[in-house]
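Trainee: Could you take a close look with me at one charged side chain, and then carry on from there through the rest of the fold?

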Amino acid sequence: MIIAAAQFPARALDIEANAARMAGFVTEAGERGASVVVFAELAVTGYELGAIVAGQDRLTTAPDDPRLAPVRAACRAARVTAVVNCAGRTEAGPTISSYVYGPDGELLTRYDKQHVTDSETAEGFVRGTVGGSFTLDGVGFGLGICYDAHFPETGACAAKAGCGVLLLSSLYGESGREAWPTVFPELARANGLYVLLANHSGRSGPYEGCGLSGVWGPSGAVAAVAAGREEGLVLAEVSA
């Protein structure tokens, strides 16, 4: 099975434009043989925390939000599963969430970020209580969002659930590059997982995403990595 990470500079607060870009990447992923494509943290809006909270329902989304319809349609047409990260809605407040749309365009599962940062909490985002996983063609996939990767239970829970692949949506800037030779290889190696990271390229909120989306194998070795901030897909074959 081939999996893909998509990196591109999200347009700030423009859900329709970002959804259109994402639909294009889903189509391309299918053309290149990928079964799954993953997008960066808050790729639907950009990492614009204060504006998202202030905008309330205008900038948060439910899984059936019509503005995400192009992505769901692309999943159906390409027979590709997409992990779409956005600002979700709960009764407690907004979450940073991944909606996983299957090859029929329907919601397979939802994952809400479990470890929110202090700055995210200060802006009004709440800790997620929904942790999802899914199975596709016999392969189990776990989910995480950015800071979740720095907690051992993220990989351990995925492995315990029988997953062979951990999919991460993230925003790392230039100062976060130290995670590449340490956090992601160790997360893969410690849990016997493939780890895929989809990161932002270019400005998103207060950060300049460093790109470098990639995939690490169960041994911790790099299977594929983007050339810096170059827009596009990073693909790798997994045998989990």
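What does R89 count as at its relative accessibility?

Mentor: R89 counts as partly exposed, because its relative accessibility is 32%. That class lies between buried, under 20% relative accessible area, and exposed, over 50% (1.4 Å probe, protein chains only). Before we go on, a word on the model: it is predicted, so local features need pLDDT of at least 70 and side-chain atom pairs count only at pLDDT 80 or more, while totals for chains, interfaces and linings use all residues. Residues are numbered from 1 along each chain as its sequence is written, and side-chain values use heavy atoms, with hydrogens and water left out.

Now to the partner of R89. R89 makes a salt bridge with D57, and their closest N and O atoms are 3.6 Å apart. (A salt bridge is a side-chain nitrogen of Lys or Arg within 4 Å of a carboxyl oxygen of Asp or Glu.) This pair ties together distant parts of the chain: R89 sits in strand β3, D57 in the loop between α2 (49-55) and α3, and 32 residues separate them. Helices (H or I, at least four residues) and strands (E, at least two) are DSSP runs, numbered from the N terminus. D57 is exposed, at 52% relative accessible area.

The structure holds 13 salt bridges, so let me show you two others for company. R110 meets D112 with closest N and O atoms 2.8 Å apart. Here R110 counts as buried at 18% relative accessibility, and D112 is buried too, at 2%. In helix α6 (residues 183-191), the side chains of E186 and R189 form a salt bridge, 3.1 Å from N to O. E186 and R189 are 3 residues apart in α6, which means that about one helical turn separates them. E186 is partly exposed at 39% relative accessibility, and R189 is partly exposed at 43%. Elsewhere, E174, R177, R203, E208 and R229 are joined into one network by salt bridges that share partners.

Staying with α6, its buried residues are V183, F184, P185, L187, A188 and N191. Their cover includes α5 (152-160), β8 (165-170), β9 (194-199) and β12, where contact means heavy atoms within 4.5 Å. Just after the helix, G192 has a positive phi of about 60 degrees.

Strand β3, where R89 sits, also helps to cover the buried residues of helix α1, along with β1 (2-7), β2 (34-38), α3 (69-78) and β14 (232-237) among others. The 17 residues of α1 (residues 15-31) should span 24 Å at 1.5 Å a residue, and the end C-alpha atoms are indeed 24 Å apart; the expected span is 1.5 Å times one less than the number of residues. Buried in α1 are I15, N18, A19, M22, A23, F25, V26 and A29. Seen down the helix axis, the buried residues of α1 fall within an arc of 165 degrees, so they line one face. (The arc is taken from the directions that run from the helix axis to the C-beta atoms.) After α1 comes G33, with a positive phi near 90 degrees.

The strand pairings are worth a look as well. β4 (residues 93-101) and β5 (residues 107-112) run antiparallel and are joined by 5 bridges; two strands pair if DSSP finds at least two bridges between them. Y101 has L107 in β5 as its bridge partner. There are 5 residues between the strands of this hairpin, and G105 takes a positive phi near 80 degrees. β12 (residues 214-216) and β13 (residues 222-225) also pair in the antiparallel sense, over 3 bridges. There, G214 is bridged to V225 in β13. In that hairpin, which likewise has 5 residues between the strands, G220 has a positive phi near 95 degrees.

Finally, look at S204 in strand β10 (residues 201-204). S204 counts as buried because its relative accessibility is 1%. A polar atom of the S204 side chain lies 2.8 Å from the backbone nitrogen of Y47. Leaving aside neighbours within four places in sequence, S204 is in contact with G46, Y47, E48 and L171. The C-alpha atoms of S204 and L136, 68 residues apart along the chain, are separated by 31 Å.

Terms used:
Polar contact = N/O pair within 3.5 Å; in protein donor to acceptor, adjacent residues only side chain to side chain.
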